[in-house]
Amino acid sequence: MEMKSIAAQLSANAYPGRGIILGLTPDGTKAVAAYFIMGRSANSRNRIFVTEGEGIRTQAFDPSKMEDPSLVIYAPVRVLGNKTIVTNGDQTDTIFDFMDKQMTFEQSLRGRDFEPDGPNYTPRISGILHVESGSYSYAMSILKSNNGNPAACNRYTFAYSTPITGEARFIHTYMGDGNPLPSFEGEPELVDVLDDIDAYTDLLWTNLNEENKVSLFVRYINIADGTYETRIVNKNQ
């Protein structure tokens, strides 16, 4: 698979929706996780990321304008021991709860499917990073309707047991704008990553569509000891 520029991938797509990027810095010392949200409706755009424990949650920027919180208010990032969970919905809690009961990442998602927001049937995308004692692996998942048919849920899991330096994988909910919105297709895209968290955060935020971008989370985890740095950018200030 040819590596693509994440800047080019983002700038060429006005509406990838929500996206997860997981990878390994070029110097091989840090696991990388990024998550962004976008919005076309006023309800979707009326959000910010705020810290919650070791993770984050979405919150209404103006509570008086929040219409339906069911699919827009959730915890995108939670930490379970040496595992960091990143998703685009409340399946974060599902993964956390079931993995805490010794189930695998894939098993924990078997009771979930795509979002009930027809005609889009937005895919549920999820990722997990496992950093322990100097080792690192990650996996990604997408649960999507069968080519827009809600009668069937197609489930795909991608595991990266030996991440390669300077490589990241990018999965997002939509291939682009449209009505209905076209679901992501294929294997997570191979994209580049930087050693510097601030430079990478700026790169991602700058290349997300200005009209539709809402919030961005970036975390770099030191593989040697599990310590981390986090950056959060909100369009609503």
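Here are some questions and answers about this structure, which is a predicted model.

Q: In what order do the strands of the six-stranded open sheet sit?
A: Six strands make up this open sheet, and their pairing is antiparallel. Neighbouring strands are turned by 20 degrees against each other on average, direction ignored. Reading across the sheet, the order is β11-β10-β1-β2-β12-β13.

Q: Which strands stand at the edges of that sheet, and why is one side of each left without a neighbour?
A: An edge strand here has a single partner strand, so one of its sides has no neighbour in the sheet. That applies at both ends of the order, and the two strands are β11 (189-192) and β13 (228-234).

Q: Which residue of β2 is the bridge partner of G23?
A: Strand β1 covers residues 19-24 and strand β2 covers residues 30-38. The two pair in the antiparallel sense over six bridges. In β2, the partner of G23 is V32.

Q: How many bridges join β2 to β12?
A: These two strands run antiparallel. One pairing to look for is M38 with its bridge partner in β12, K213. The count of bridges joining β2 to β12 is nine.

Q: Which residue in β13 is the bridge partner of R219?
A: On its other pairing, β12 runs antiparallel to β13, with seven bridges joining the two. Look along β13 for the partner of R219 and you land on T230.

Q: Which residue in the turn of the β12 and β13 hairpin has a positive phi?
A: The hairpin has five residues between its two strands. One residue in that turn has a phi of about 80 degrees, and it's G226.

Q: How many of the ten residues of β12 are buried?
A: Strand β12 is mostly covered. Helix α5 (residues 197-207) lies across β12 (213-222), as well as across β1, β2, β11 and β13. The helix runs at about 155 degrees to β12. Of the ten residues in β12, the number buried is nine.

Q: Is T84 buried or exposed?
A: T84 sits in strand β6 (residues 83-87). Leaving aside neighbours within four places in sequence, T84 is in contact with V77, R78, V79, G127, I128, L129 and I221. Its relative accessibility is 7%, and the cut-off for this class is under 20%, so T84 counts as buried.

Q: What is the volume of the largest pocket?
A: Among the 19 residues lining this pocket, the closest to its centre are R18, S41, S44, V72 and D117. The lining divides into six nonpolar, seven polar and six charged residues. The volume comes out at about 410 Å³.

Q: How many charged residues are in the lining of the second largest pocket?
A: This pocket holds about 190 Å³ of space, and 13 residues line it. Eight of the lining residues are nonpolar and four are polar. That leaves the charged group, with a count of one.

Q: Which strands each supply at least two residues of the lining of the second largest pocket?
A: The lining residues closest to the pocket's centre are I128, H130, S137, Y138 and A139. If you want to trace the strands that each give at least two lining residues, look at β7 (124-132), β8 (135-146) and β9 (149-160).

Q: Where is P119, which follows G118 through a cis peptide bond?
A: The bond from G118 to P119 is cis, with omega near 5 degrees. P119 is in a loop, the one between α4 (105-108) and β7.

Q: What is omega for the peptide bond from N179 to P180?
A: P180 lies in the loop between β10 (167-172) and β11. The bond from N179 to P180 is cis, with omega near 0 degrees.

Q: Is S133 buried or exposed?
A: S133 is in the loop between β7 and β8. Its phi is near 50 degrees, a positive value in a residue other than glycine. With a relative accessible area of 76%, where the cut-off is over 50%, S133 is exposed.

Q: What is the relative accessibility of N147?
A: N147 is found in the loop between β8 and β9. Here too there's a positive phi in a residue other than glycine, near 55 degrees. N147 counts as exposed, and its relative accessibility is 79%.

Notes
Residues numbered from 1 in each chain as written. Predicted model: local features only at pLDDT ≥ 70, side-chain atom pairs only at ≥ 80, totals over all residues. Heavy atoms only, no water. Pairing = 2+ DSSP bridges. Helix = DSSP H or I, 4+ residues; strand = E, 2+ residues; numbered from the N terminus. Axes fitted to C-alpha atoms, helices over the stretch in contact; angles between N-to-C directions. Contact = heavy atoms within 4.5 Å. Buried < 20%, exposed > 50% of the residue type's maximum accessible area, 1.4 Å probe, protein only. 1 Å grid on protein atoms, 1.4 Å probe; cavity = no way out; pocket = protein on both sides within 12 Å on 5 of 7 lines; lining within 4 Å. Points joined across faces, edges and corners; volume = space filled by probe spheres on them. Nonpolar A, V, L, I, M, F, W, Y, C, P; charged D, E, K, R; others polar.
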